[in-house]
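Visitor: Could you take me through this model and tell me how each label is earned? I like to see a value set against its definition.

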Amino acid sequence: MNIYDTSVQVIVFWLGAAIGSFLNVVVYRVPAGLSVMWPPSRCPKCFHQLGMGENIPILGWLLLRGKCRHCHTPIAPRYPIVETITAIIFVLIYNHFGLTIQTLGYFLLMCWLFALTLIDLDTMTLPNPLTQSGLVLGLVFQIVVGYLDNNHSIIGLRESLIQGILAMVLGIWLYDTIAIVGSMMMGRSAQGGGDAKLLAMIGAWSNWKVILLTAGVAAVLAIVGFVVVAGYSTFKSGGIKAGANKLIQPLPFGPSIACGATIALFGGDWLIGSYQEFMRSDARYLVGVPLLIALTGLWWWVRRLRLRSSRSIGS
Ligand SMILES: [Zn+2]
């Protein structure tokens, strides 16, 4: 690695950190219906406006040792963590695509996905202004990439745009199907119109293969997340009852979809290759059969808990 590569990576890292800092503002203000441009960043307690030094991503928080300089109110470590994650994502995308239009596009997509993930974790909603603007940006991305990657041809542009629109429609349709099947299996009504819009937004940026893979990976991640959260609350509060309580509460699905899309976009080929190799090996029975039994058991247990809870609410 030469000096040039290293210095570009450093620049990309700090660009990512600065944008991560802005994402913190977006995640806090958009669900509250506040402007993301005004007022400038300030302490939520004493309203002291952040100076130049305090506004530097990651370092500002470290210099202040996680406290407001004036009133010493602790500032959550979440802010520098979000900045660092955004910076790392930016460097990874740059290393993968180099100085191309794809890099710029995927910077934007990952910002949207990351902000929506955090908002969904915080508020269990996916705000329309974000999913809709992300969808429009995705179609613009298809037009630009289709035009540039096909020797500046209008036909390339058109095909790329159609690919995005088809994947967008497939996203909505697929989510509705999952939601209907899910509600039949879990014995409760499907929820979260925002999730379908998120899947449509991802479709606008990609193609039908990525959407199918995203939905599949998201479903697996949601099941894993579900088991981890229920297991953790059982362990933390020391009772099966708390764990069961967590199981019957809805969990946000947006983070699983966003992670699924990231994996499908950047690791899709590898994932499909590994899956095909796995299905050719003898290990498929060794892993597949117990997994199927475990999943059926889990589904049966959750369904029973939910039916019981809905009955006790109804009566
Ligand atoms: Zn303060």
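Guide: Gladly; we will go from the overall fold to single residues.

Guide: This is a predicted model, in which local features need pLDDT of at least 70, side-chain atom pairs count only at pLDDT 80 or more, and totals for chains, interfaces and linings use all residues. Residues are numbered from 1 along each chain as its sequence is written.

Visitor: What makes up the protein in terms of helices and strands?

Guide: There are 11 helices and zero strands. Helices are DSSP runs of H or I with at least four residues, strands are runs of E with at least two, and both are numbered from the N terminus. Along the sequence the pattern reads α-α-α-α-α-α-α-α-α-α-α. The C-alpha atoms fill a box of roughly 60 × 55 × 40 Å along the principal axes.

Visitor: Where does UniProt place the feature "transmembrane region"?

Guide: The unreviewed UniProt entry places it at residues 6–28, 103–121, 130–148, 160–181, 210–233, 253–273 and 285–302. UniProt positions follow the numbering used here, feature names are shortened, and annotations may be inferred rather than shown by experiment. In the model, residues 160–181 are 100% helix and 0% strand, with end C-alpha atoms 31 Å apart. Residues 253–273 are 95% helix and 0% strand, and their end C-alpha atoms lie 26 Å apart.

Visitor: Which residues does the annotation "domain: Prepilin peptidase A24 N-terminal" cover?

Guide: The unreviewed UniProt entry gives residues 15–97. That span is 48% helix and 0% strand, and its end C-alpha atoms lie 16 Å apart. Separately, the protein is divided into domain 1 (1–99) and domain 2 (124–315), with bounds that come from an automatic or database domain assignment. The centres of domain 1 and domain 2, taken over C-alpha atoms, are separated by 29 Å.

Visitor: Why is helix 7 called largely enclosed?

Guide: A residue is buried if 20 or more other C-beta atoms lie within 10 Å of its own, exposed if 12 or fewer, and partly exposed in between, with C-beta atoms placed from the backbone. In helix 7, 12 of the 13 residues are buried, so the rest of the structure largely encloses this helix. The buried residues include G194, D195, K197, L199 and W205. Across the protein, buried residues make up 28% of the 315 residues.

Visitor: How do you know that the length of helix 7 is close to the expected one?

Guide: The expected span is 1.5 Å times one less than the number of residues. Helix 7 (residues 193–205) has 13 residues, and its 19 Å from first C-alpha to last is close to the expected 18 Å.

Visitor: Which residues touch the most other members of the largest nonpolar core?

Guide: A nonpolar core is a set of buried Ala, Val, Leu, Ile, Met, Phe, Trp, Tyr and Cys residues joined through C-beta atoms within 7 Å. Of the 53 residues in the largest one, L23, M110, L113, A115, L116 and L199 touch the most other members. Helix 4 gives this core its largest share, 11 residues, and at least three residues come from each of domain 1 and domain 2.

Visitor: What is L199 in contact with?

Guide: Contact requires C-beta atoms, placed from the backbone, within 7 Å of each other. Leaving aside neighbours within four places in sequence, L199 is in contact with G171, I172, L174, Y175, I211, T214, A215 and I257. For the whole protein, among contacts between residues at least 6 apart in sequence, 66% join residues at least 24 apart.

Visitor: Why does A87 count as buried or exposed?

Guide: A87, in helix 3, has 22 C-beta neighbours inside 10 Å, so A87 counts as buried. Beyond four places in sequence, A87 is in contact with F13, G16, A17 and G20. A87 and L15 are 72 residues apart in sequence but 7.1 Å apart in space, C-alpha to C-alpha.

Visitor: And why do F47 and N151 count as buried or exposed?

Guide: F47 has 10 C-beta neighbours inside 10 Å and therefore counts as exposed. N151 has 8 and therefore also counts as exposed. F47 sits in the loop between helix 1 and helix 2, and N151 in the loop between helix 5 and helix 6. Phi is near 60 degrees for F47, a positive value in a residue other than glycine. N151 has a positive phi too, near 50 degrees.

Visitor: What joins W38 and P39?

Guide: A cis peptide bond, with omega about -5 degrees. P39 lies in the loop between helix 1 and helix 2.

Definitions and conventions:
Two residues are in contact if their C-beta atoms, placed from the backbone, lie within 7 Å.
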